[in-house]
Amino acid sequence: MRTRIAPTPSGFLHAGNAFNFLVTDRLAKALGAKVLLRIDDLDAERVRPEYVEDIFHSLDWLGIKPDEGPSGPEDFARNWSQQHRIERNKEFAEGLRKQGALYACSCSRTELEEMTRTGAVHHCRVRDPEALEPGTPWRLRIPEHCPVEVPGFDGGSTTVDLAPMMQDPVILQRESGRPSYQVASLCDDVDRGITFIVRGEDLLPSTACQLLLARLLGEVAFARVLFHHHPLALGADGLKLSKSAGATSLMALRENGGSPRSLVAAAVAYADALVKEFKP
Ligand SMILES: [Zn+2]
């Protein structure tokens with residue numbers, strides 16, 4: 001079994017990230033699974049070197065040693081950056097475009113929200129894409145009713161309707177034509193043979209979207225990946241941390257001489273309860 005920790009270096013990591021990494025790591029140990037570190041630097045403009053360094057410092061501080069992935073910032077830049085995978089991601093995106101799952105659309109997020117609110121027809125979804133200027137972004141056409149089965153750790157599955165959860169996401173970006181997060185994340189998980197994924201509950205729509213993309217692309221193994229979505233921040237006693245506590249940067253905690261002990265304890269208790277439910 002294989003799982004991954006997938007931080008994004010667009011800010012300093014916070015307690016919510018730490019909880020996710022610690023739960024993932026603890027589960028992996030309990031299940032004899034390998035942990036990969038994937039630093040998601042797809043959005044290159046938001047990446048800063050200090051954020052990349054913060055990831056390595058934070059993992060050290062939390063006592064997490066991934067089995068695979070970059071050993072430090074230099075190894076990351078040279079061998080593991082998502083920027084090296086753009087051509088591979090494009091194969092996935094082109095696969096979707098060829099079968100007509102995508103449409104060209106320059107509408108803003110606000111315009112899309114307005115159409116959803118008023119029930120107006122979104123003409124981009126139905127017009128001929130060949131008539132468009134180059135550099136137009138391409139979105140995934142999510143069917144109006146879109147049930148997606150999300151396999152869980154307990155051997156069961158939950159079916160969610162993706163349509164009301166997410167606006168048609170951009171798959172190929174404006175101007176650069178580069179594949180977006182949904183494609184890149186799926187592509188990486190498929191290529192690395194990931195078998196279970198632990199995410200915050202805010203990412204359930206992304207999970208459902210990626211399962212839909214995998215279905216469209218015939219990546220059948222991905223439909224068997226097990227998912228767990230945890231509440232965004234839990235305290236040592238299992239109670240939700242306040243927003244501000246959850247948002248505290250790990251760097252600030254480290255610099256104030258803080259210990260990760262209570263975070264580790266909360267994550268261990270949470271993961272151990274999950275292991276008891278686990279039925280692969
Ligand atoms: Zn549009």
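**Notebook: His229, zinc site, aromatic pairs, helix α1**

I looked up His229 first and found a relative accessible area of 19%, so this residue counts as buried. The value stands against a cut-off of under 20% for buried. I note that the model is predicted.

**Entry on His229.** I placed His229 in strand β9, residues 226-230. I then listed its contacts beyond the neighbours within four places in sequence: Val150, Arg199, Gly200, Glu201, Leu203, Leu204, Thr207 and Tyr270. With Thr207 I found a side-chain polar contact of 2.8 Å. The C-alpha atoms of His229 and Thr207 are 9.4 Å apart, and the two residues are separated by 22 residues in sequence.

**Entry on the zinc ion.** I asked which protein atoms serve as donors of the zinc ion. They are SG of Cys105, SG of Cys107, NE2 of His122 and SG of Cys124, at 2.1 to 2.3 Å from the ion. The angles subtended by the 4 donor atoms run from 102 to 117 degrees, and the arrangement is therefore tetrahedral. For reference, I recorded that the ideal angle for four tetrahedral donors is 109.5 degrees. The donor spacing in sequence reads C-x1-C-x14-H-x1-C. I located Cys107 in the loop between β3 (102-104) and α5 (109-118), and Cys124 in the loop between α5 and β4 (138-140), so this pair ties together parts 17 residues apart in sequence. Cys107 counts as buried at 15% relative accessibility, and Cys124 is buried at 7%.

**Entry on aromatic pairs.** I searched the whole structure and obtained 5 aromatic pairs. For Phe153 and Phe196, the ring centres are 5.6 Å apart and the planes stand at 90 degrees, so I classed the pair as edge-to-face. Phe153 lies in the loop between β5 (147-151) and β6 (157-161), while Phe196 belongs to strand β8 (residues 196-200); the pair links distant parts of the chain, 43 residues apart. Both Phe153 and Phe196 are buried. I also examined Phe222 and Phe227, an edge-to-face pair with 6.0 Å between centres and 70 degrees between planes. Phe222 is buried at 3% relative accessible area, and Phe227 counts as buried at 4%. Ring pairs further join Phe153, Phe196 and Phe278 into a cluster.

**Entry on helix α1.** I checked the length of α1 (residues 15-31): at 1.5 Å a residue its 17 residues should span 24 Å, and the end C-alpha atoms are 24 Å apart, which agrees. I found 12 of the 17 residues buried, so that α1 is mostly covered. Among the buried residues are Phe19, Phe21, Leu22 and Leu27. After α1 comes Gly32, with a positive phi near 65 degrees.

Conventions
Residues are numbered from 1 along each chain as its sequence is written. This is a predicted model: local features need pLDDT of at least 70, side-chain atom pairs count only at pLDDT 80 or more; totals for chains, interfaces and linings use all residues. Side-chain values use heavy atoms; hydrogens and water are left out. Helices (H or I, at least four residues) and strands (E, at least two) are DSSP runs, numbered from the N terminus. The expected span of a helix is 1.5 Å times one less than its number of residues. Buried means under 20% relative accessible area, exposed over 50%, partly exposed in between (1.4 Å probe, protein chains only). Donors are N, O and S atoms within 2.8 Å of the metal (3.2 Å for Na, K and Ca); water is not among the atoms, so sites may look incomplete. Four donors count as tetrahedral if all angles lie between 85 and 135 degrees; four count as square planar and six as octahedral if opposite donors are over 155 degrees apart and all others between 65 and 115; anything else is irregular. Contact means heavy atoms within 4.5 Å. A polar contact is a pair of N or O atoms within 3.5 Å; within protein, one must be able to donate a hydrogen and the other to accept it, and residues adjacent in sequence count only if both atoms are side-chain atoms. Rings of Phe, Tyr and Trp (its six-membered ring) pair if their centres lie within 6.5 Å; planes under 30 degrees apart count as stacked, over 60 as edge-to-face and the rest as tilted.
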